[in-house]
Amino acid sequence: MNKEPIYVSESAAKSIWQEYRIFSNRVEIDTHFGAMVIPFEHIERVDVSESEVKGLLRGDLHLKGFRPALKVDWANFVEHVVIDKSEGLIHRILLTPDDSEKFKSVLDEALSRYGENSDVD
């Protein structure tokens, strides 16, 4: 496994002092309950979403494409990243990195490079 992360989202209050790391083949979510690893081959989609509370105040119930989700921090209250997975018990994970757009951008690039390299194998 790759030892050095490509991107580290430092722990902060909005992530409840948890750290999120992107490697060249996986995402690691370092929670208070232990580390969660999401291999790239299990990632179907990555999006940035606004605060659920902000949407509710506008009347948007976020029901389109609804999937039960694991929320590992304050994702209901601030902008967050949504990771949809194809494998495992939980198919949607919401997390709040220090910079949601940058986290998504770096993850999208890493997923693209990973896909190109796996096509060669």
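**A walk through the model**

Let's start with F40: its relative accessibility is just 3%, so this residue counts as buried, the cut-off for that label being under 20%. Keep in mind as you look around that this is a predicted model. We'll come back to F40 once we've met some of the strands and a helix.

A handy place to get your bearings is the open sheet built from 4 strands. Going across, the order is β5-β7-β8-β6, and the pairing is mixed. Which strands sit at the edges? Those are β5 (43-49) and β6 (70-71), each of which has a partner on one side only. In general, the strands of a sheet pair through backbone hydrogen bonds, and they can do that in a parallel or an antiparallel way. Here, β7 (residues 80-85) and β8 (residues 92-95) go for the antiparallel option, with 4 bridges between them. If you want a spot to zoom in on, find I83, which stands opposite I93 in β8.

Now for the aromatic rings. How many aromatic pairs are there? The count is 2. Take Y7 and F103: their rings meet edge-to-face, with 5.9 Å from centre to centre and 75° between the planes. Y7 belongs to strand β1 (residues 7-9) while F103 is part of helix α2, so this pair ties together parts of the chain that are 96 residues apart in sequence. Are these two rings buried or exposed? Y7 counts as buried, at 10% relative accessibility, and F103 is buried too, at 0%. This brings us back to F40, which forms an edge-to-face pair with Y114, at 5.5 Å centre to centre and 90° between the planes. Once again distant parts of the chain are linked: F40 sits in the loop between β4 (34-39) and β5, Y114 is in helix α2, and 74 residues separate them. F40 is buried, as we saw, whereas Y114 is partly exposed, with a relative accessible area of 26%.

Charged side chains have their own story, with 7 salt bridges in the count. Stay with helix α2 (residues 100-120) for a moment and look for K104 and D108, which lie 4 residues apart and are therefore separated by about one helical turn. The two form a salt bridge, with the closest N and O atoms 2.5 Å apart. D108 is partly exposed, its relative accessible area being 31%.

Elsewhere, salt bridges join up into a network that links E19, R21, R26, E28 and D30. Try tracing a piece of it from R21. That residue has a salt bridge with E19, where the closest N and O atoms are 2.6 Å apart, and another with D30, at 3.9 Å from N to O. Where does that leave R21, buried or exposed? Despite its charge partners, R21 counts as buried, at 14% relative accessibility. E19 is partly exposed at 22%, and D30 is partly exposed at 32%.

One last stop involves another member of that network, R26. What does its charged end sit over? It is the ring of F23, and the distance to the ring centre is 3.8 Å.

How values were computed. Residues numbered from 1 in each chain as written. Predicted model: local features only at pLDDT ≥ 70, side-chain atom pairs only at ≥ 80, totals over all residues. Heavy atoms only, no water. Salt bridge = Lys/Arg side-chain N within 4 Å of Asp/Glu carboxyl O. Buried < 20%, exposed > 50% of the residue type's maximum accessible area, 1.4 Å probe, protein only. Helix = DSSP H or I, 4+ residues; strand = E, 2+ residues; numbered from the N terminus. Pairing = 2+ DSSP bridges. Phe/Tyr/Trp six-rings, centres within 6.5 Å; stacked < 30°, edge-to-face > 60°. Lys NZ or Arg CZ within 6 Å of the ring centre and 35° of its normal.
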